[in-house]
Amino acid sequence: MSAISRPGKIIAIHLNYASRAEHRGRRPAAPSYFFKPASSVGVSGGTVERPAGTELLAFEGEIALIIGTAARRVSVDDAWSHVASVTASDDLGLYDLRANDKGSNVRSKGGDGYTPLGPELIDAASVDPAALRVRAWVNGKLRQDDSTAGLLFPLPQLVADLSQHFTLEPGDVILAGTPAGSSVIVPGDVVEIEVDAPDAEGAPTSGRLITTVTQGETPFDETLGSLPAVDDLQRAEAWGSREAAGLPEQAAAPDAPATLSPALRAKLELAPTAGLSSQLRKRGLHSCFIDGVSANLVGTKIVGTARTLRFVPAREDLFKTHGGGYNAQKRLFDAVGEGEIIVIEARGDAGTGTLGDILALRAKTRGAAGVVTDGGVRDFDMVAEIGLPVFSKGAHPSVLGRKHVPWEIDVTVACGGAAVQPGDLIVGDGDGVIVIPSLLAEEVADAALAQEDEDNWIAEQVAAGHPVDGLFPMNAEWRAKYDARSVAEPVEAQGPKGDGS
């Protein structure tokens with residue numbers, strides 16, 4: 001069987017192969033989808049255009065399911081019986097247009113010919129949906145090779161899930177996701193996709209779906225909508241890695257440890273910022289305090305490794321290209337790791353929110369230790385209710401575009417007058433927030449705890465009636481008493497007692 005009718009609906013899933021999820025560094029808890037227009041359908045032997053002014057057209061080899069009988073609220077057990085055929089598809093996408101349509105993919109994946117199907121149809125009843133294979137070649141070189149055994153969400157589940165929300169009609173197409181290996185293609189490249197069932201009787205196959213990339217000549221009209229825009233993150237995602245995109249390895253903070261060890265974290269959680277600040281000052285670092293921010297949760301203490309986000313002043317054309325869609329702000333809140341702290345440079349302008357409840361929930365879910373911003377916070381009470389510690393300049397109801405454009409992530413930023421590099425250690429408490437260079441963190445933490453123990457002992461002497469003269473700071477006589485006591489009865493720091501001087 002080889003005839004493919006024009007579908008009424010094309011539904012594609014965002015992320016469905018474990019290999020792709022591992023490569024992207026995120027694993028969805030449930031499937032999510034987007035629609036592609038019927039006009040995007042192409043046939044084997046056709047061409048696909050890379051539009052003028054773009055660079056990141058990528059192929060994605062996928063298994064396409066073609067619905068045979070209407071499905072509405074069907075069970076997983078019954079779902080496969082509603083699939084008539086299986087074939088190959090290439091879910092082509094243009095990363096240059098992802099920013100303003102991220103998630104919906106209307107323009108980035110809706111172009112003419114961006115969903116070629118075929119060439120042959122495999123009878124769905126003759127194959128096991130858990131034993132299908134998809135492979136992709138570019139210019140004869142194998143680039144993707146995976147099977148439905150590696151799906152996060154099995155094919156029958158997709159049919160059953162979608163049928164909960166709307167009727168799947170005969171001829172509708174479901175694209176089941178792409179495995180790892182998707183990358184950029186350029187004019188002149190030839191892409192071949194094949195779906196088969198190698199273990200089924202007769203090893204049925206779709207044959208090779210062949211598409212040739214051509215170069216478009218007509219540029220986009222800048223007066224009508226957002227223009228193509230790429231950055232190094234988009235290049236790395238489109239090509240599959242920074243190396244494949246020809247980009248240098250992302251620089252980390254110089255000699256920064258890969259992680260904050262549990263032992264060092266424990267020390268920093270005990271040490272007050274006042275004591276840490278004092279120790280940094282003794283080592284010649286006088287500008288490590290993030291000024292003007294306070295905690296949304298009274299009594300909170302945060303310790304973590306910095307991830308950074310930089311906003312630039314609002315400008316209409318820049319917000320048009322960088323403010324909407326899957327912008328730098330959203331990308332960082334999607335990528336923040338457990339125990340990390342997002343530090344936002346908002347130039348001290350609190351005249352709009354730099355995050356709100358949805359992003360706070362995302363950061364909390366991913367295990368972030370907190371957020372520090374020298375701007376405002378939208379949905380302030382709800383962010384506090386979510387339980388994410390945020391140090392900010394206070395509440396503001398306005399949205400991002402009023403004052404800021406989210407520009408870049410994981411770069412050196414200025415927050416509250418302090419320079420913050422990715423990998424720096426951030427500590428915040430009731431006195432405020434400080435930045436500790438990673439190479440000094442162990443030394444500074446140990447010294448701060450030793451000073452804290454000393455201050456606790458001095459407080460005990462003051463409470464017992466001794467005057468502070470000669471005791472704070474200690475003269476030789478009091479120092480000898482302290483040294484004798486500390487050797488005989490060492491104690492752990494119990495909390496701040498001194499003034500950090």
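# A tour from helix α3 outward

Begin by selecting helix α3, residues 155–163: eight of its nine residues are buried, so this helix is largely enclosed by the rest of the structure. Bear in mind from the outset that the model on the screen is a predicted one. The buried residues of α3 are Leu 155, Pro 156, Leu 158, Val 159, Ala 160, Asp 161, Leu 162 and Ser 163. To see what encloses them, add β1 (10–13), β2, β6, α2, β7 (83–90) and β12 (173–175) to the selection, since these are the elements against which the buried residues of α3 pack.

**The whole chain**

Now zoom out and show the complete protein chain, which holds 12 helices and 25 strands. The C-alpha trace spans about 100 × 50 × 40 Å along its principal axes, and 52% of the 501 residues count as buried. Among contacts between residues at least 6 apart in sequence, 78% join residues at least 24 apart. If you switch to a surface view, about 21,800 Å² of the chain is exposed, with carbon and sulfur atoms supplying 53% of that area. Colouring by charge brings up 45 positive and 68 negative side chains, and the centres of the two sets lie 3 Å apart.

**Confidence**

Next, colour by pLDDT: the mean over the chain is 88, and 94% of the residues reach 70 or more. Select residues 252–258, where the pLDDT is below 50 and where the stretch has, beyond near neighbours in sequence, eight contacts in the model. Then select residues 490–501, another stretch with pLDDT below 50, for which the model has 27 contacts beyond near neighbours in sequence.

**Ser 32 and its surroundings**

Return to the N-terminal part and select Ser 32, in the loop between α1 (18–24) and β2 (33–36). Is Ser 32 buried or partly exposed? With a relative accessible area of 36%, Ser 32 is partly exposed, because that value falls between the 20% limit for buried residues and the 50% limit for exposed ones. Leaving out residues up to four places away in sequence, Ser 32 touches Ala 12, Ile 13 and His 14. Display the side chains here, and a polar contact of 2.9 Å appears between those of Ser 32 and His 14. For a sense of distance across the model, draw a line from the C-alpha atom of Ser 32 to that of Ala 450: the two atoms are separated by 52 Å, and the residues are 418 apart along the chain.

**Asn 105**

His 14 also leads to the next stop, as Asn 105 is in contact with His 14, Phe 34 and Gly 110, leaving aside its neighbours within four places in sequence. Asn 105 lies in the loop between β8 (93–94) and β9 (115–123), and at 6% relative accessibility this residue counts as buried. The side chain of Asn 105 is joined to that of Ser 108 by a polar contact of 3.4 Å.

**Backbone geometry**

Follow the chain onward into strand β9 and select Pro 119, whose place is in that strand. What is the peptide bond from Gly 118 to Pro 119, cis or trans? The bond is cis, with omega near 0°. Most peptide bonds are trans, and most residues other than glycine have a negative phi.

Two further selections concern phi. Arg 73, in the loop between β6 (61–67) and α2 (76–79), has a positive phi near 55° although it is not a glycine, and at 59% relative accessibility Arg 73 counts as exposed. Ala 203, in the loop between β13 (190–196) and β14 (209–215), likewise has a positive phi, of about 45°; its relative accessible area of 37% makes Ala 203 partly exposed.

**Helix α8**

Finish at helix α8, residues 328–335, where the buried residues are Ala 328, Gln 329, Arg 331, Leu 332 and Phe 333. At the start of α8, look for Asn 327, whose side chain has an oxygen that reaches to within 3.1 Å of the backbone nitrogen of Gln 329. Lastly, add the elements against which the buried residues of α8 pack, namely α4 (232–239), β17 (302–313), β18 (340–345), α9 (357–365), β19 (370–373) and β21 (404–409).

Terms used. Residues are numbered from 1 along each chain as its sequence is written. This is a predicted model: local features need pLDDT of at least 70, side-chain atom pairs count only at pLDDT 80 or more; totals for chains, interfaces and linings use all residues. Side-chain values use heavy atoms; hydrogens and water are left out. Helices (H or I, at least four residues) and strands (E, at least two) are DSSP runs, numbered from the N terminus. Buried means under 20% relative accessible area, exposed over 50%, partly exposed in between (1.4 Å probe, protein chains only). Contact means heavy atoms within 4.5 Å. Accessible areas come from the Shrake-Rupley method with a 1.4 Å probe; for residues, only the protein chains shown count as cover. Lys and Arg count as positive and Asp and Glu as negative; His and the chain ends are not counted. The place of a charge is taken as NZ of Lys, CZ of Arg, CG of Asp or CD of Glu. A polar contact is a pair of N or O atoms within 3.5 Å; within protein, one must be able to donate a hydrogen and the other to accept it, and residues adjacent in sequence count only if both atoms are side-chain atoms. pLDDT is the predictor's confidence in each residue, from 0 to 100.
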